[in-house]
Amino acid sequence: MAERMSALSEPSPSIWRRLDPAAALGRLSESRYWMYLLLVPSAILILAVVLYPTVYGFQLSFRQMRLNRPDLGTGFVGFKHYIAMWSDKVFWLSLRNTAVWVTFAVVIEFGLGLVAALALNRNLPGTKLMGVLILLPYFLPNVVAGHMWALLLDPRLGVINDILVRLGFLETYKAWFADPSTALGAAILVEAWHGFPFFALLLLAGLKGVPDDLYKAASVDGAGPIRQLRLITLPMLRSVIAAAVILRVIGLVNSPDLLLILTGGGPGQSTQVLSLYAFQKAYKDFNFGYAGALSVVMFVLLMLFAWAYVRVSKVNQD
């Protein structure tokens, strides 16, 4: 009788198994909730690093935040900054320059990157060395590339000016970044030189996935290189091109450092773009509220562009 009572008073092995942390963790790992548990650290990191600063930036655009005018306070001002943009001539000029800057830079970089990728994909002797040389500009920081090209195009000591004068294309040395008619164009060429390896690298990776049988069949049917490029290469690279263009546009819109080094937005406002204007409003005028509103406008424009580009390119229908 005593043995039966002691057996009843002691917990069964199944109860100990349920209370064992290792066993509970093992059961959890076999359930569908395990993947959600593994995603918790990443979700917390995204909330802390990405989502919170983004929400704070949106909130900042609706507040008064001028560090050099503490008497104005930091209160809620509603859409004051957005309304002020409609009468801000520099904003509209910056918007136009941003469109020109991004469009021409992306088109030139894509063209150069496609030519470089097609050449490197032929696996001719020396292509590995050429691949390294082509990627060198992209490895340079924007600060280094900007100062390097500022010296190359210097109106007094610039090597490029000297070459153009010797070849007869120029009569005298030209101040490329001091002339409103050439400053933005010269900056676009510098950016294209610095950024085209980005397209070359991604397009080359995409070309490696195109089957050679398609080109052999097209050659048998009498298709030349141009038709093969138009009917095989570009359609097969549609997803890669869409991703590369969207990423490059985002990078160009959000990166004012090259223009800041080369021109500082001048002469006048001829090279002023939205990101540089927002930077100057924040760190020269200390008007963080207005700079936040400019950043929100850039964010909305980029979202609209990405949505429209995906719809037009029909990349989601592949």
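A salt bridge here is a side-chain nitrogen of Lys or Arg within 4 Å of a carboxyl oxygen of Asp or Glu. With that in hand, let us begin with a network: Glu109, Glu191 and Arg248 are linked by salt bridges. Please keep in mind throughout that this is a predicted model.

Let us look at one pair in that network. Between arginine 248 and glutamate 191, the closest N and O atoms are 2.4 Å apart. Arginine 248 belongs to helix H13 (residues 238–254) and glutamate 191 to helix H10, so this pair ties together parts that are 57 residues apart in sequence. Both arginine 248 and glutamate 191 are buried.

Now step back to the whole chain. The fold has 16 helices and 0 strands. Of its 318 residues, 34% are buried. Among contacts with a separation of 6 or more, 64% are between residues 24 or more positions apart. The chain exposes about 19800 Å², and carbon and sulfur atoms supply 69% of that area.

The structure holds 6 salt bridges, so there are other pairs to visit. Lysine 174 pairs with aspartate 179, with 3.0 Å between the closest N and O atoms. Lysine 174 counts as partly exposed because its relative accessibility is 23%, and aspartate 179 is likewise partly exposed, at 22%. The side chains of aspartate 154 and arginine 156 also form a salt bridge, at 3.8 Å from N to O. Here the two partners sit on opposite sides of the classification: aspartate 154 is buried, with a relative accessible area of 15%, whereas arginine 156 is exposed, at 66%.

Helix H6 is a good place to pause. Running over residues 89–120, H6 has 32 residues and reaches 46 Å from its first C-alpha to its last, close to the 46 Å expected at 1.5 Å a residue. At the start of H6, a side-chain oxygen of aspartate 88 comes to within 3.1 Å of the backbone nitrogen of valine 90.

Let us return to helix H10 (residues 183–207), which also contains histidine 194. Histidine 194 is buried, as its relative accessible area is 5%. Its side chain makes a polar contact of 3.2 Å with the side chain of asparagine 142. Beyond its neighbours within four places in sequence, histidine 194 is in contact with Pro137, Tyr138, Leu140, Pro141, Asn142 and Ala145.

One of those contacts, Tyr138, leads us to the surface. Tyr138 is part of a nonpolar surface patch together with Leu129, Met130, Val132, Leu133, Leu136 and Phe139, and the patch has about 690 Å² of accessible area. Phenylalanine 139 is found in helix H7 (residues 127–139), and its relative accessibility of 56% is why phenylalanine 139 counts as exposed.

Next come two loops with backbone features worth a look. For background, most residues other than glycine have a negative phi, and most peptide bonds are trans. In the loop between H14 and H15 we find proline 267, and the peptide bond from glycine 266 to proline 267 is cis, with omega near -5°. Serine 270 is placed in the loop between helix H14 (257–262) and helix H15 (274–283) as well. A polar atom of the serine 270 side chain lies 2.9 Å from the backbone oxygen of proline 267. Serine 270 is buried, with a relative accessible area of 17%. Leaving aside neighbours within four places in sequence, serine 270 is in contact with Asn97, Pro180, Ala183, Leu184 and Gly265. Asn97 falls within the residues 89–120 of H6, and Ala183 within the residues 183–207 of H10.

The other loop runs between H15 and H16 and holds phenylalanine 286. Phenylalanine 286 has a positive phi of about 60° although it is not a glycine. With 33% relative accessibility, phenylalanine 286 counts as partly exposed.

Our last stop is helix H16 (residues 288–313), which contains serine 313. Is serine 313 buried or exposed? At 19% relative accessibility, serine 313 counts as buried, because the cut-off for buried is under 20%. Apart from neighbours within four places in sequence, serine 313 is in contact with Arg238 and Ala242. Serine 313 and isoleucine 241 lie 9.5 Å apart in space, C-alpha to C-alpha, while in sequence they are 72 residues apart.

Key
Residues numbered from 1 in each chain as written. Predicted model: local features only at pLDDT ≥ 70, side-chain atom pairs only at ≥ 80, totals over all residues. Heavy atoms only, no water. Helix = DSSP H or I, 4+ residues; strand = E, 2+ residues; numbered from the N terminus. Expected span 1.5 Å × (residues − 1). Polar contact = N/O pair within 3.5 Å; in protein donor to acceptor, adjacent residues only side chain to side chain. Buried < 20%, exposed > 50% of the residue type's maximum accessible area, 1.4 Å probe, protein only. Contact = heavy atoms within 4.5 Å. Patch = residues over 30% accessible without salt bridge, like charges linked within 9 Å, V, L, I, M, F, W, Y side chains within 5 Å. Areas by Shrake-Rupley, 256 points an atom, 1.4 Å probe, with all protein chains shown as cover.
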